[in-house]
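Trainee: I would like to learn how to read a helix and a pocket in a model that is new to me. Could you take me through it step by step?

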Amino acid sequence: EISAEMGNLSLLRVVVLASLAVCGYGGNWPLTLISSEEHPDAKCLDGSRPGFYMAPGNLDRKHWVVHYEGGGWCVDQKDCVHRSKTRLGTSTVWPNPGPQTADGGAHGLFNNNAKINPVMYNWTKVYIGYCDGASYSGNVALPVNVNGTTLYFRGLQITKAVWTELLNRGLRNAETLVVTGTSAGGLAVYLQVERIREMVSKQTKVLALPGAGFFLDHPTWEGKPSMTPAYQYISHMQNVSTNVKCEAHYNSPSTRWKCFMAQYVLPFLEVPTFVTNSLTDDYQMAAILRLTEKCRNNLEKDCSKKEKAAIVAYRGSMLQALQPLFKRTGSTGAFLDSCCVHCQTEMDPSWANATVGGQSLRDTFAAFLATRVDEGTAPLQQQQATKTTVVDCPWPCNACKFLVGGNNKCVGQCYPKHNDVL
């Protein structure tokens with residue numbers, strides 16, 4: 001029973017909901033639902049049509065940034081039934097316009113304010129809704145009946161249908177495409193970006209910007225199995241289809257699940273990739289490392305010596321797992337801070353104000369972008385950051401002064417208001 005293997009499944013759900021609350025700000029973009037006639041196999045968990053939000057206005061159609069929404073996973077069939085009745089499993093309750101209650105909405109790297117987002121403020125922006133429960137990667141052909149409820153595990157078909165529709169809307173003529181996402185959506189970037197690169201024009205420069213999606217295959221602070229059994233079960237339950245080269249490498253039934261985890265897919269990525277992730281990610285501190293709630297409420301004062309040692313060791317494990325990225329010099333970048341937060345790229349405060357080595361997340365990504373895209377545009381010419389990879393010192397390094405509660409609290413931190421960012 002997967003719930004038993006994971007321990008307290010309710011904790012996982014609470015952490016997911018807390019992360020969504022932290023990542024929630026508004027947007028005002030019209031919703032497009034995928035045609036069931038043109039893409040009959042693309043379905044949300046409940047069978048409703050998937051879709052996306054596209055920013056309105058006369059935007060730069062040569063440069064696109066497309067975001068995969070996050071929101072955890074359903075870890076067994078019963079959990080998927082529950083999820084199919086929420087906005088993470090059905091499009092029937094999605095707001096229109098939106099996105100208003102998920103990830104960063106129209107903020108951070110989606111902000112149209114040139115002061116906050118100087119490079120991408122006028123790019124064509126797309127936000128893909130999440131409704132399949134397996135990071136847009138499920139691939140079960142037939143409907144699944146669970147005690148009278150019909151479910152569809154069709155994340156891969158959603159990915160294919162959405163990108164086909166975007167190509168028809170002008171993406172086929174794009175010069176630059178940044179594929180991004182947060183949390184489970186950030187994981188989707190790792191899993192699907194090579195497939196996306198194959199779909200778009202060869203003239204389009206594709207860049208990956210996965211946010212908060214580098215979830216580790218790692219035990220709890222007490223050395224017990226953590227979320228890995230869940231990833232194994234989800235991979236089998238939804239027959240996930242991810243990176244082709246990874247799946248050719250891990251081609252046995254006992255190892256194929258590894259291609260549902262970023263650390264095992266990373267060595268097979270060829271698309272230029274900029275990783276942004278906290279080395280003290282509050283979601284991972286709770287759901288994977290399983291620090292006690294008392295500890296997460298005050299890391300400095302209320303964590304045991306063993307828990308503090310586990311925090312330090314977890315940072316080391318993440319950096320070790322990222323070595324394939326660091327070895328690909330010239331085509332990669334990273335912003336790895338020690339802030340007790342989860343999603344960061346879609347929040348104005350963390351996008352513009354979180355700094356490591358004197359460089360903000362926004363400006364470090366701009367430096368990476370400048371090495372990959374020969375734009376000659378003023379924003380790229382004027383950006384001041386020089387390093388494309390920055391790694392924070394271990395917690396309690398406080399590069400996170402923008403956090404309302406400081407960096408000792410690891411339970412779904414709050415951000416200041418967006419208009420307080422600069």
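Mentor: In this predicted model, the protein chain holds 16 helices and 13 strands, and 62% of its 422 residues count as buried. Among contacts between residues at least 6 apart in sequence, 77% join residues at least 24 apart.

Trainee: What span should helix α5 have, and how far apart are its end C-alpha atoms?

Mentor: Helix α5 covers residues 184-199, and because each residue should add 1.5 Å, with the count taken as one less than the number of residues, its 16 residues should span 22 Å, which agrees with the 22 Å between its end C-alpha atoms.

Trainee: Where does α5 bend, and is the helix mostly covered or mostly open?

Mentor: The bend is at Q192 and amounts to about 55°; as for cover, 13 of the 16 residues of α5 are buried, so that the helix is mostly covered.

Trainee: Which helix gives the most to the lining of the second largest pocket?

Mentor: As a general idea, an α-helix has 3.6 residues a turn, so residues three or four places apart point the same way. In this structure α5 gives the most to that lining, with 5 residues, and the lining includes L191, E194, R195, R197 and E198. Helix α7, residues 244-249, also supplies at least two residues, while the lining includes V244 and K245 as well as F268 and E270.

Trainee: What volume does the second largest pocket have, and how is its lining divided by class?

Mentor: The volume is about 180 Å³, and the lining has 6 charged, 3 nonpolar and 2 polar residues.

How values were computed:
Residues are numbered from 1 along each chain as its sequence is written. This is a predicted model: local features need pLDDT of at least 70, side-chain atom pairs count only at pLDDT 80 or more; totals for chains, interfaces and linings use all residues. Side-chain values use heavy atoms; hydrogens and water are left out. Helices (H or I, at least four residues) and strands (E, at least two) are DSSP runs, numbered from the N terminus. The bend at a residue is the angle between axes fitted to the seven residues ending there and the seven starting there. Buried means under 20% relative accessible area, exposed over 50%, partly exposed in between (1.4 Å probe, protein chains only). On a 1 Å grid over the protein atoms alone, a cavity is a set of points where a 1.4 Å probe fits but cannot get out, and a pocket is an open set with protein on both sides within 12 Å along at least five of seven lines; lining residues have an atom within 4 Å of a point. Grid points are joined across faces, edges and corners, and a volume is the space filled by probe spheres set on the points. Ala, Val, Leu, Ile, Met, Phe, Trp, Tyr, Cys and Pro count as nonpolar, Asp, Glu, Lys and Arg as charged, and the others, Gly among them, as polar. Contact means heavy atoms within 4.5 Å.
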